[in-house]
Amino acid sequence: MLINVPGVAKTLRLFTKETCDLLAGMDIEERRKKLAGVLTAFFQNKMPTSPPAVEIAKSIGVDLELVQKVLQAAFAKGMTGPSDAPDVMNRNQPVTAAVFYPGVIDPLTDFGFEDIFDLIDMRNAGQISFDIIDVTNAITFAEVKTGEPMKVYGITTGKSTVEKMIVAAAIGILDDWINYAQYWNLNQAAIEAKSKYYSKMATDHYALMVAITSDQNQAFATDDITTINNACAAILADCEAKGYNITGNETFFLKAHVALKARIEKALTLTFNSYSETQVVFNVSRAYTTKIASSTYYVGLSGRKSKRGVWSDLTAETDRNILLRGTDVAYCGEYNAAIGEEDQIRRCSLS
């Protein structure tokens, strides 16, 4: 399981020898269900925040305050406590076991696209789509058949409908990984599955930003400082002309490839008190990514008519593969996004 220990919070121990021993002792059907439950909990960041010893204390009535004090003392000495316990498998509960509470954040999932869009939580909406009202040009993903690449397209209408998109893949877990306690293979498979899914989500969302038309190109003017100031001013002017409620004190996002980090940081940290007579006069929050090209960067207003929806979080299902002597784990999630007004964003030139 995943244990959040001060100083080693990036050490992911979803499976250990103890969990492998437990899984090996189960019948095939129960093993499938438990694998699906544990992986789904891991995918959705719902592993317990407390160490297994606390979960054991809860189940047998031991003083929780005493357990916490013992564990704190152990952490102070560099110890990690027990690595696993039978109760963590929660054998008498449904696939998504009740012991899995929202908790630790996966250190592998930090993408930076989230602040471009307002989140529309569609998990319990009972609808396969949401609308963005009063749009001039919307950029979203078109519906494609299974196996086809997704297409980004723009539409001009008074309303843009964003329909859910299913993203799915699969991993294989061999019986030998469990029977011979090769827990490192199990951990690696789970981590890679989750990381690739959220990496794809980031790629898809950044693709919408990159797809804005050439009308949104901001010409280079004197230096990066002037270019950023011009881009921000143009966005405010265009959006106000279209009826946006603009105050002049908005915070802009800036997205750039990591290769441009030194250049952008230099522009944003120069002040009137330095040798430069100019500075970026708007509030700009920047983040860097490998998901966009290094030949340009983007400045924009967050949210408004840029929306992303999540219909279902990443979940796992399993099936027996008798030919490979293992378990196929299929995982999928549902999401989509749209930029309903591209005038919220500028593509800035470097020269």
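Let me begin with one small detail: in strand β5, the bridge partner of D131 is T161. Before I widen the view, I should say that what we are looking at is a predicted model. The pairing I just named belongs to strand β2, residues 129–133, and β5, which run together in the antiparallel sense over 5 bridges. Strand β5 itself, residues 159–163, has a covered face made of S160 and V162, while K159, T161 and E163 make up the uncovered one. As a general point, side chains in a regular strand alternate between the two faces of the sheet.

Now to the chain as a whole. The protein chain has 8 helices and 13 strands, and 47% of its 351 residues count as buried. If we take the contacts with a separation of 6 or more, 79% of them are between residues 24 or more positions apart. The accessible surface comes to about 17200 Å², and carbon and sulfur atoms account for 52% of that.

Let me turn to the aromatic rings. The structure holds 5 aromatic pairs, and I will describe two of them. F113 and Y206 have ring centres 6.4 Å apart and planes at 80°, so this pair is edge-to-face. F113 sits in the loop between α4 and β1, whereas Y206 belongs to helix α6, residues 183–210, and the two are 93 residues apart, so that the pair links distant parts of the chain. Are these two residues buried or exposed? F113 is buried, with 1% relative accessibility, and Y206 is buried as well, with 0%.

The second pair, Y197 and Y335, is also edge-to-face, because the planes stand at 80°, with the ring centres 6.0 Å apart. Y197 lies in helix α6 and Y335 in strand β12, residues 326–339, so this pair ties together parts that are 138 residues apart in sequence. Y197 counts as buried at 4% relative accessibility, and Y335 counts as buried at 1%. Ring pairs also bring in Y198, so to speak, in a cluster made of Y197, Y198 and Y335.

Next, the charged side chains. How many salt bridges does the structure hold? There are 15 salt bridges, and three of them are worth following on the model. In one of them, the side chains of K255 and D115 meet at 2.7 Å, N to O. K255 is in strand β8, residues 251–257, and D115 is in the loop between α4 and β1, with their positions 140 residues apart in the chain. Here K255 is buried, with a relative accessible area of 0%, whereas D115 is partly exposed, at 33%.

Another salt bridge joins R320 to D175, with the closest N and O atoms 2.7 Å apart. R320 comes from strand β11 and D175 from helix α5, residues 175–179, and the pair is 145 residues apart. R320 is partly exposed at 27% relative accessibility, while D175 is buried at 4%. R31 joins these two residues in a network of salt bridges.

Helix α5 appears again in the third example, where D176 and R325 form a salt bridge at 3.9 Å, N to O. R325 lies in the loop between β11 and β12, 149 residues from D176. Both ends are partly exposed, D176 with a relative accessible area of 33% and R325 with 47%.

That same loop between β11 and β12 also holds I322, which is exposed, with a relative accessible area of 66%. Together with L174, L323 and L324, I322 makes a nonpolar surface patch of about 470 Å².

I will finish with two loop residues that are buried. M122, in the loop between β1 and β2, has 8% relative accessibility and counts as buried. Leaving out residues up to four places away in sequence, M122 touches Q127, S129, F130, V310 and W311. M122 and E334 are 212 residues apart in sequence, yet their C-alpha atoms are 9.6 Å apart in space.

K305, in the loop between β10 and β11, has a relative accessible area of 18%, and it is buried because the cut-off is under 20%. With the same neighbours in sequence left out, the residues that K305 touches include I132, I133 and D134, along with Y244, A338 and I339.

Notes:
Residues numbered from 1 in each chain as written. Predicted model: local features only at pLDDT ≥ 70, side-chain atom pairs only at ≥ 80, totals over all residues. Heavy atoms only, no water. Helix = DSSP H or I, 4+ residues; strand = E, 2+ residues; numbered from the N terminus. Buried < 20%, exposed > 50% of the residue type's maximum accessible area, 1.4 Å probe, protein only. Contact = heavy atoms within 4.5 Å. Areas by Shrake-Rupley, 256 points an atom, 1.4 Å probe, with all protein chains shown as cover. Pairing = 2+ DSSP bridges. Phe/Tyr/Trp six-rings, centres within 6.5 Å; stacked < 30°, edge-to-face > 60°. Patch = residues over 30% accessible without salt bridge, like charges linked within 9 Å, V, L, I, M, F, W, Y side chains within 5 Å. Salt bridge = Lys/Arg side-chain N within 4 Å of Asp/Glu carboxyl O.
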